[in-house]
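Me: Hello! Could you walk me through this structure, one question at a time?

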Amino acid sequence: MSDSTRIDWKAIEEKWIKRWEEQRLFEAEPDQNKKKYFVTVAYPYPNSPQHIGHGRTYTLADAHARYMRMKGYNVLFPMGFHYTGTPILGMSRRVAAGDPELMEIFHKIYKLSDDVIATFAEPVKIASYFHNEIKMGMKEMGYSIDWRREFTTIDSMYAKFISWQFRTLQKKGLIVQGSHPVGWCPRDQNPVSQHDTIGDVEPDFNEYTIVKFRYGDLIMPAATLRPETLFGVTNMWVNPDVEYVLASVDGEKWVVSKEAARKLEFLNHSVEIIRTKKGREMIGDKVVNPISNASVPVYPASFVKADSGTGLVMSVPAHAPYDHQALEDLRADKKTQDEFGISEIVSPVKIIESEGYAGIPAAEAIDRSGASSQNDERLEKATSELYSHEFYKGKMMHNTGSFAGMSVSSAKNAIKQQITLAGHADAMYELVTKPVRCRCGAECVVKILNDQWFLNYGDKHWKELAHECANTMDIVPQDIRQEFEYVIDWLRERACARKSGLGTKLPWDTEWIIESLSDSVIYMAYYIIAKYVNSKLLIHDNITDSFFDYVLLGNGDASRVSSECMLAESTVEQLRNEFRYFYPVDSRHSGRDLVPNHLTFFIFNHVAIFDRDNWPRQIVVNGSVLMDGKKMSKSLGNIIPLRAAIRENGADTIRLAILVSAEILQDADFSFDTIKGIRSKLLGIFEKAASYPGKTSGSEIQQEDKWMLSRLQRIISETTTSIERLRMREAIHNILYTLDQDLQWYLKRAMAKGRQNIAPMLKEFLGIQIRMLSPFAPFTAEEAWERMGNTQLVATAHWPAVSEEKIDIAAEESEFFISILLADVQNIVKVTKIAPTRISVYTAAAWKLQVYKSILASIMQGKTNFGEIMKQLIADPQTAKVKTDPKLVQKIIEDILSAPLEARSRRLELTDFSEIAAAQDAASLFSEEINKAQITVYSEEDSAKYDPKAKAKTARPFKPAIYME
Ligand SMILES: [Zn+2]
């Protein structure tokens, strides 16, 4: 705590935000002499403040942008705000209704005052409040955004742009009108998708077949996913406690649950309720199976839910675990049998055979699941397993009429088609997970929407282009590529307009509003235009499609656009040139949840509208953020608003904690322990920058300097490679931890020698560390850079380049050798418990090094067989001496195999390395570390050596013999 109060993080952050703004550092203008790099990230919905989880994508994109700037690119990193759609409207309605859950979130998590909340009854007030809140947070996080290009999706010029996008797609025949089922909010009277639901649930639905069983002159319809099992129906299940209705449905008289009657209305059936009917009234009656005309009884069952399907279930006990279990439950329940006057219980009828199920399949599946009653949840799994097993492997048996012998997958469609054509069946859609709630609070349903507008993502040619784009672009990480391929194949017509919400009207049918996942797919191009709108060079009044055609596609000519839109021709040309300069998008960042929708639509729409030259070049997808290992959620109360976290911990700490805790696709675990560790690392950098600034003296290069310089080149190279692949965790680890470890070693060596002239080395070191830290922790980097005496901003400094001439493998081996030798000596001291005053080190004779190198070469070629190696050594006169000492060969093989790979390849290359020189150079270190002992280094071949215990002959290359007294 005392440490963090000593440094005023907030003052440092404010200082540098101001400095960057004053110097207009992030305002990107076309510059034909510089290569451009255009980074974008999915713009936020301003319906809540951002939390740590949102911070991940934006921080990653910002670090990427800052890195590319240091690499010398002219980087454009802009930001807009997505107001489109119903979330904001839904929220204002919940505010107006005083929704207690929402109020608690406002008060407890967002800490909003009642005055502010009161203004939220007006939707745009919500958007502009959170817009501002998010923007402040982005500035406080140090994001290097060109704010001159900011816009919202309800700006008038944006509406013109989106209208142009849609007219362009329509001209290409990619927008179709038709009737399709969609997820629907009955209160808003609007389709809903992931963005519109509480908890961001995609309202997926299944298609069921409704089979109309005859019930006297009424119809008892049952919804099923398995029409092929119709021949195996033995009875109908009704819940005695559910209230059913008798209703006229498209002129027929149906008995269904109340809930089902409502769902049928949304599916465009004309429904009129005649009267209610208790479930128990129907038990014991008979219904007739339309495919076989068999009459089957109606039985009671508690697993039947009123809101599932029609509230009635056709019972196929041989193939449906629930039905089988309910039948067993009823068979065992004499009381219920008596209550409903049931005298005889039906038996399962098996109609599908498949490998692995000899008897009644449902009974076997129940046995395997361990379920024991119809309300046992394990039946769910048993059901889906049996369903998919029979679908892929099952065959229709002899008792299925003309379908006998068919595979289940074919029979399914054939039977469905036959009964539908005969008027005995209909389709019904049902949400897969229930309930799905709209953000307005209402429970969503499936609706068949007539005359709805769809983007035809099913178009074959369009798909081919989308595949081509995905195949030729860079996708980071690579593992996600398949997911894109899959989504591109799987996408079909998608509703692109809504009846309400904020956004742009469909240009040719103005009662529709273009929805939020359709007006957010090519807006990266709009950042070029937004700058001119914000500077008032572009007024929306006179802008026509020809403006966008020319600026974004190069169609038409500038003078015509100039007169038609009442713009200076030079302005039109400037816009066109700026677009040509910055487009295409070089890198698009987003969370993984946007792969199946936004990111894929982004590809589709670009390939439909733009030439290949302007197709996006890279997509970067990141995982989400966990809080101490748990998912963040409003209900768990573990959401930390970003601005509060910055105030508490400082922006750089948050940035690093988010990026260091996981590689890109994994979920990052944000924890306060990580934060503490990072903060102390940042403090260490401040201290170093303050203690070794300015003037440097002396330029004597010693052993450890050569090593440090060489290590720096290695780390620059590795870190650069990591960042190029967006492996930020690895990069930060190198910058904060590996570099510091190396520095510790360097200081230990230099201090032991009592050196006074290490400032130049430390300055070199810090200069590299701080520059590499700059994309990740820009505030700390700027401040430390300035404390070092630099006058230019580190954000504009060059990314460190590797100086090949500073790579010195002899120096690397030298320090490695010393550290191993030191550890060996320390180990002997520990084991023998002696406190030596004199240490003698013996390095191996020259011929042994020949042996070592020869063995190493063999091992690097994959040869490790002792006999073979021995034979080879004896054949060479230079190494033939080993004949007398086969144990040495065995030991050298072991030494090599236990050395790090890096050391093995280094030693193969080494030509000018002297163990004696290295060990002698470290004499001061040994003395410092070990009891102020005197160290003397001898060669095994030195005839005048001090060797009272004849240790020298046991020396091996890179493994000196040691004698202590
Ligand atoms: Zn709603």
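Reply: Gladly! Two strands pair if DSSP finds at least two bridges between them, and strands (E, at least two residues) and helices (H or I, at least four) are DSSP runs numbered from the N terminus. This is a predicted model, where local features need pLDDT of at least 70, side-chain atom pairs count only at pLDDT 80 or more, and totals for chains, interfaces and linings use all residues. Residues are numbered from 1 along each chain as its sequence is written, and side-chain values use heavy atoms, leaving out hydrogens and water.

Me: In what order do the five strands of the open sheet lie?
Reply: The pairing in this sheet is parallel. β2 (74-76) and β18 (474-476) each have a single partner strand, so they stand at the edges. The order is β2-β1-β22-β23-β18.

Me: Which residue in β2 stands opposite Tyr-37?
Reply: Strand β1 (residues 36-41) runs parallel to β2, joined by three bridges. Opposite Tyr-37 in β2 stands Val-75.

Me: How is α13 oriented relative to α14?
Reply: The axes of α13 (residues 361-369) and α14 (residues 378-393) come within 9 Å and cross at roughly 135 degrees. Axes are lines fitted to C-alpha atoms, for helices over the stretch in contact, and angles run from 0 to 180 degrees between N-to-C directions. Under 35 degrees counts as roughly parallel, over 145 as roughly antiparallel, 65 to 115 as roughly perpendicular and the rest as oblique. That makes α13, relative to α14, oblique.
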